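Biologist: Good morning. I would like to go through this structure with you, one part at a time.
Modeller: Certainly. Please put your questions in any order.

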Amino acid sequence: MATIAPLFGIVIPGRPVITDFQVLDTTKAITVVENPQMVSELTFFLLPTTSIPPGYGAILYYSLPPFQEWSLIGSVDPMKPSGIFRTGWVTDEAVQSSPAVQLGVSLEPLETIQNLEIVKSGVEDRFAFAHKIALDLFQYMTSFSTGDASSRGMMVVPMNVFDRWMERFERKYRIDPNFMLKS
């Protein structure tokens with residue numbers, strides 16, 4: 001296995017930039033990330049000097065030992081040369097017990113990337129996360145609602161209920177920044 005001039009990079013907050021990949025063939029390369037349970041998101045990008053074939057992009061995958069099955073993380077291409085992707089590793093029990101994950105990059109036709117609907121998946125993940133937060137706030141506020149306005153489709157709550165929810169949310173976040181992802 002050879003190492004070639006870097007084509008892409010990965011940034012994991014608080015760690016050095018990863019640009020060294022082992023080339024498996026002309027379209028595939030791998031690298032290892034240790035202590036993946038600490039990685040909630042990463043940035044995957046094409047280096048400014050990268051020249052990939054026209055009509056192609058790079059798909060990022062990960063695999064757990066014994067490195068046989070691969071899961072999709074995200075993709076980049078010349079029109080979208082970088083992306084920030086949630087890994088889900090912080091709450092994944094299989095990753096929690098793994099000392100390392102292998103990251104794989106595969107150069108694929110843009111048509112293949114579009115068929116995987118990778119672009120939509122990141123937006124939907126963020127929407128689902130925001131929805132959980134909004135639903136938590138709504139449920140908290142309804143627990144304080146007085147019944148007299150509910151018949152008219154209104155919620156009447158004490159003035160400080162939002163402040164109390166925010167304090168509760170911040171307290172939980174300080175204990176576990178990923179608490180909203182676990183339920």
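Biologist: To start, what share of the residues of the chain count as buried?
Modeller: This is a predicted model, and 34% of the 183 residues in its chain count as buried.

Biologist: And how many helices and strands are there?
Modeller: The chain has nine strands and four helices. Along the sequence, the pattern is β-β-β-β-β-β-β-β-α-β-α-α-α.

Biologist: Which strands make up the open sheet, and in what order?
Modeller: The open sheet has three strands in the order β2-β5-β8, and their pairing is antiparallel.

Biologist: Why is one side of β2 and of β8 left without a neighbour in the sheet?
Modeller: Strands β2 (8–11) and β8 (82–86) are at the edges, and each has a single partner strand, so one side of each has no neighbour in the sheet. From one strand to the next, the twist averages 20°.

Biologist: How many bridges join β5 to β8?
Modeller: Five bridges join β8 to β5, which covers residues 41–46, and the two strands run antiparallel. As an example, Phe44 has Gly83 in β8 as its bridge partner.

Biologist: What do β3 and β4 form?
Modeller: They form a hairpin, with two residues between the strands. Strand β3 (residues 22–25) pairs with β4 (residues 28–34) in the antiparallel sense over three bridges. In one of these pairs, Gln22 has Ile30 in β4 as its bridge partner.

Biologist: Let us turn to the interior. How many residues does the largest nonpolar core have?
Modeller: It has 24 residues. Those with the most contacts inside this core are Ile10, Leu42, Phe44, Leu60, Ile73, Trp89 and Leu103. As a general point, nonpolar side chains in soluble globular proteins tend to be buried together.

Biologist: Which strand gives the most to this core?
Modeller: That is β9, with four residues. At least two core residues come from each of β2, β4, β5, β6 (56–63), β7 (71–76) and β9 (100–109).

Biologist: What is Leu42 in contact with, leaving aside its neighbours within four places in sequence?
Modeller: Its contacts include Ile10, Val11 and Ile12, as well as Leu60, Ile73, Ile84 and Trp89. There is also a second, separate core of eight residues, which includes Leu137, Trp165, Phe179 and Met180.

Biologist: Trp165 is also in helix α4, I believe. Which residues of α4 are buried?
Modeller: The buried residues of α4 are Val161, Trp165, Arg168 and Phe169. They lie on the same side of α4, because they cover an arc of only 100° around the axis. The face turned away from that buried side carries the exposed residues Glu167 and Arg174.

Biologist: What span should the 15 residues of α4 have?
Modeller: At 1.5 Å a residue, helix α4 (residues 161–175) should span 21 Å, and its end C-alpha atoms are 21 Å apart, which agrees.

Biologist: One last topic, then. Where is Phe144 found?
Modeller: Phe144 is in the loop between α3 (118–142) and α4.

Biologist: Why does Phe144 count as partly exposed?
Modeller: Its relative accessibility is 23%, and partly exposed means between 20% and 50%.

Biologist: Which residues does Phe144 contact, leaving aside its neighbours within four places in sequence?
Modeller: Phe144 is in contact with Val156, Val157, Pro158, Val161 and Arg164. Phe144 and Pro158 are 14 residues apart in sequence, and their C-alpha atoms are 7.2 Å apart in space.

Key. Residues numbered from 1 in each chain as written. Predicted model: local features only at pLDDT ≥ 70, side-chain atom pairs only at ≥ 80, totals over all residues. Heavy atoms only, no water. Pairing = 2+ DSSP bridges. Axes fitted to C-alpha atoms, helices over the stretch in contact; angles between N-to-C directions. Expected span 1.5 Å × (residues − 1). Buried < 20%, exposed > 50% of the residue type's maximum accessible area, 1.4 Å probe, protein only. Arc of directions from axis to C-beta. Core = buried A, V, L, I, M, F, W, Y, C linked by side-chain atoms within 4.5 Å. Contact = heavy atoms within 4.5 Å.
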